[in-house]
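Please consider the model shown below. The discussion takes up two loop positions and then a pocket.

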Amino acid sequence: MSAMHHDTSSDLRVVGDKLKDILEISNTSLKTRRLVVELCNIVATRGARLAAAGILGIIKKMGKDTPRESGPEKIVVAMDGGLYEHYTEYSKCLENTLVELLGKEMATSIVFKHANDGSGIGAALLAASNSVYVEDK
């Protein structure tokens, strides 16, 4: 989907190739390929906006969604996975949505960082916190 969405060729050749190779749909018209790119945009935008809403929910739960007297507190959002890392249209939409939801002043305090093996680290933190909880019972 990312490759099709990023296809800038005049005939959307990459879109045609992906449709043929993956979905076995050959001989597509330029109109059809344009429609596929638009669908990619709709799906990516929806996913990014939903992810941004989830991130905003966490920021609000942490009480960091309003400016402090000393100015906005820096917030680092660690993102893992190829979707954020390689799908630039998705990552731009996610970040722009947070600006839209929080406002420019608050959004400038948010820094996105790519976190390699974030899933493994998250699982380790969850296991560690659970083992502390079990020991305390």
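A residue is called buried when its relative accessible area is under 20%. The model examined here is a predicted one. With a relative accessible area of 8%, Leu12 falls under that cut-off and is therefore classed as buried.

Leu12 is found in the loop between α1 (2-5) and α2. Once neighbours within four places in sequence are left aside, Leu12 is in contact with Asp7, Leu30, Arg33, Arg34 and Val37. For one of these partners, Arg34, the separation along the chain is 22 residues, while the C-alpha atoms of Leu12 and Arg34 are separated by 7.5 Å.

The second loop position is Thr28, located between α2 (13-23) and α3 (30-61). Thr28 has a relative accessible area of 16%, so this residue too is buried by the cut-off of 20%. Apart from neighbours within four places in sequence, the contacts of Thr28 are Gly16, Leu19 and Arg33. Arg33 is thus a partner of Thr28 and also of Leu12.

The discussion now turns from residues to empty space. Rolling a probe the size of a water molecule over the atoms shows where such space is left. The largest pocket has a volume of about 170 Å³. Its lining consists of Ile55, Ile58, Ile59, Met62, Ile75, Val76 and Val77. The elements that contribute two or more residues to this lining are α3 and β1 (75-79). By class, the lining of the largest pocket comprises 7 nonpolar residues, with no polar and no charged ones.

Methods
Residues numbered from 1 in each chain as written. Predicted model: local features only at pLDDT ≥ 70, side-chain atom pairs only at ≥ 80, totals over all residues. Heavy atoms only, no water. Helix = DSSP H or I, 4+ residues; strand = E, 2+ residues; numbered from the N terminus. Buried < 20%, exposed > 50% of the residue type's maximum accessible area, 1.4 Å probe, protein only. Contact = heavy atoms within 4.5 Å. 1 Å grid on protein atoms, 1.4 Å probe; cavity = no way out; pocket = protein on both sides within 12 Å on 5 of 7 lines; lining within 4 Å. Points joined across faces, edges and corners; volume = space filled by probe spheres on them. Nonpolar A, V, L, I, M, F, W, Y, C, P; charged D, E, K, R; others polar.
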